[in-house]
Amino acid sequence: MDNKIAYLLRQGDNALILSQRLSELCGKGPALEEDMALTNVALDLLGQTRMWYSYAAELEGAGRDEDKLAYHRDAHDFKNCLLVEQKNGNYADTMMRQFYFDTWHYFFIGALTKCGDERIREIAEKSLKEVTYHLRRSGDLIVRMGDGTPVSHAKTQAAADQLWMYTGEFFKYDAVDEAMVAAGVAPASEPLRAQWLAHVSDIFGEATLTMPSPDAWMQKGGKQGVHSEHLGYLLAEMQFLQRAYPGSEW
Amino acid sequence: MSKEWPLWEVFIRSQHGLAHKHVGSLHASDAGMAVNNARDVYTRRNEGVSIWVVRATDIVASSPGDKDALFEPSNSKVYRHPTFFPMPEEVKNL
């Protein structure tokens with residue numbers, strides 16, 4: 001049971017932190033339409049966060065709700081993967097982070113729609129439509145930027161290279177993941193990784209980008225609560241009000 | 001050359017709608033992106049829609065100066081307005 005709660009929280013943390021990052025761009029998108037799309041994705045992810053957290057809180061039965069989980073935990077309690085907490089950078093950085101995440105998310109959520117846990121299956125089914133759209137959009141933009149001007153190509157390639165080391169964590173399973181695989185909930189790592197690599201490779205081919213080596217060294221730690229220096233600042237901003245006025249109703 | 005993306009007009013048919021209605025416009029670099037953007041900007045809250053996008057430059061509008069010649073409905077010639085016929089119940093949406 002503890003493993004399942006931990007697993008649910010990880011999914012919620014991934015969605016919440018990425019949603020927070022995308023929300024930072026509200027009003028700053030490169031075009032009005034992009035601005036709306038980014039905030040739409042942020043809202044989708046926030047909705048998914050709430051479903052993961054609610055289920056986790058229910059299983060935990062310790063009186064924590066979605067808000068407590070989001071606002072009353074510190075950086076080391078968050079188990080999101082390192083990729084989602086990376087800074088927005090330029091638009092190529094933002095969209096590459098999104099594309100790497102969406103590709104994983106799409107295959108991952110797709111696999112969860114067939115998992116053994118009914119509640120998780122429901123969450124996955126609700127999310128899959130959104131995630132399918134996210135992936136379609138971010139893949140499309142990667143192709144446009146990669147196969148755009150020499151400058152956009154260079155920026156997109158730089159983003160691809162820079163964020164690559166954070167992508168290994170999706171497939172680096174620990175005891176919690178393995179327990180969930182054994183319980184028939186989580187998809188096995190290797191097939192998921194193969195799907196991820198194949199899709200990224202397809203899109204990079206179309207975008208005239210060079211895919212970094214799948215065997216490159218990969219950063220890890222997010223799932224264990226060991227984060228990059230960015231998460232603390234993100235949480236300080238996100239949690240400020242609840243920390244200043246704990247327990248206030250809103 | 002303008003750095004601005006071209007303007008597209010967006011027409012949407014809602015789930016139970018019979019025809020596409022003009023809902024607004026947006027900027028996008030090509031048709032594919034215009035459809036994506038239209039989805040984000042105009043269809044977020046109702047599923048099951050059909051979207052048409054068309055380059056604003058491809059639309060030809062009537063001139064306001066031609067209003068009388070084009071739209072004068074000949075109200076004095078009552079035989080031009082076939083409103084005297086009873087319609088069968090089954091005929092909907094006429």
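Contact here means heavy atoms within 4.5 Å. With that in hand, start at A:Gln11 in this predicted model. Leaving aside residues up to four places away in sequence, A:Gln11 touches A:Trp52, A:Trp104 and A:Phe108. Its place is in helix H1 of chain A. Is A:Gln11 buried or exposed? Buried means under 20% relative accessible area, and A:Gln11 has 9% relative accessibility, so it counts as buried.

Now zoom out to the helix itself. H1(A) covers residues 2-23, and at 1.5 Å a residue its 22 residues should span 32 Å; the C-alpha atoms at its ends are 31 Å apart, which agrees. Of those 22 residues, 18 are buried, so H1(A) is largely enclosed by the rest of the structure.

Two of the residues that A:Gln11 touches, A:Trp104 and A:Phe108, lead us to the aromatics. They belong to one aromatic cluster together with A:Tyr7, A:Phe99, A:Tyr100, A:Phe101, A:Trp164, A:Phe170, A:Phe171, A:Trp196 and A:Phe204. Over all chains, a search of the whole structure turns up 14 aromatic pairs. Take A:Tyr100 and A:Trp196: their rings sit 5.7 Å apart centre to centre, with 50 degrees between the planes, which makes the pair tilted. This pair links distant parts of the chain, as A:Tyr100 is in helix H5 (residues 91-112) of chain A and A:Trp196 is in helix H9 (residues 189-206) of chain A, 96 residues apart. Both A:Tyr100 and A:Trp196 are buried.

Rings also have charges for company. In chain A, the charged end of A:Arg73 sits over the ring of A:Phe78, 4.2 Å from its centre. Another case involves both chains: B:Arg39 lies over the face of A:Tyr133, 3.5 Å from the ring centre.

That arginine takes us over to chain B, where three strands make an open sheet in the order S2-S1-S3, with antiparallel pairing. Strands S2 (21-27) and S3 (50-55) of chain B stand at the edges with a single partner strand each, so one side of each has no neighbour in the sheet. On average, neighbouring strands of this sheet are turned by 30 degrees against each other, direction ignored. Strand S1 (residues 7-13) of chain B pairs with S2(B) over six bridges in the antiparallel sense; what is the bridge partner of B:Glu9 in S2(B)? Look for B:Ser25. Packed on the sheet is helix H1 (residues 31-42) of chain B, which touches S1, S2 and S3 of chain B. The direction of H1(B) makes about 115 degrees with that of S2(B).

Technical notes. Residues numbered from 1 in each chain as written. Chains lettered and ligands numbered in written order. Predicted model: local features only at pLDDT ≥ 70, side-chain atom pairs only at ≥ 80, totals over all residues. Heavy atoms only, no water. Pairing = 2+ DSSP bridges. Helix = DSSP H or I, 4+ residues; strand = E, 2+ residues; numbered from the N terminus. Axes fitted to C-alpha atoms, helices over the stretch in contact; angles between N-to-C directions. Phe/Tyr/Trp six-rings, centres within 6.5 Å; stacked < 30°, edge-to-face > 60°. Buried < 20%, exposed > 50% of the residue type's maximum accessible area, 1.4 Å probe, protein only. Lys NZ or Arg CZ within 6 Å of the ring centre and 35° of its normal. Expected span 1.5 Å × (residues − 1).
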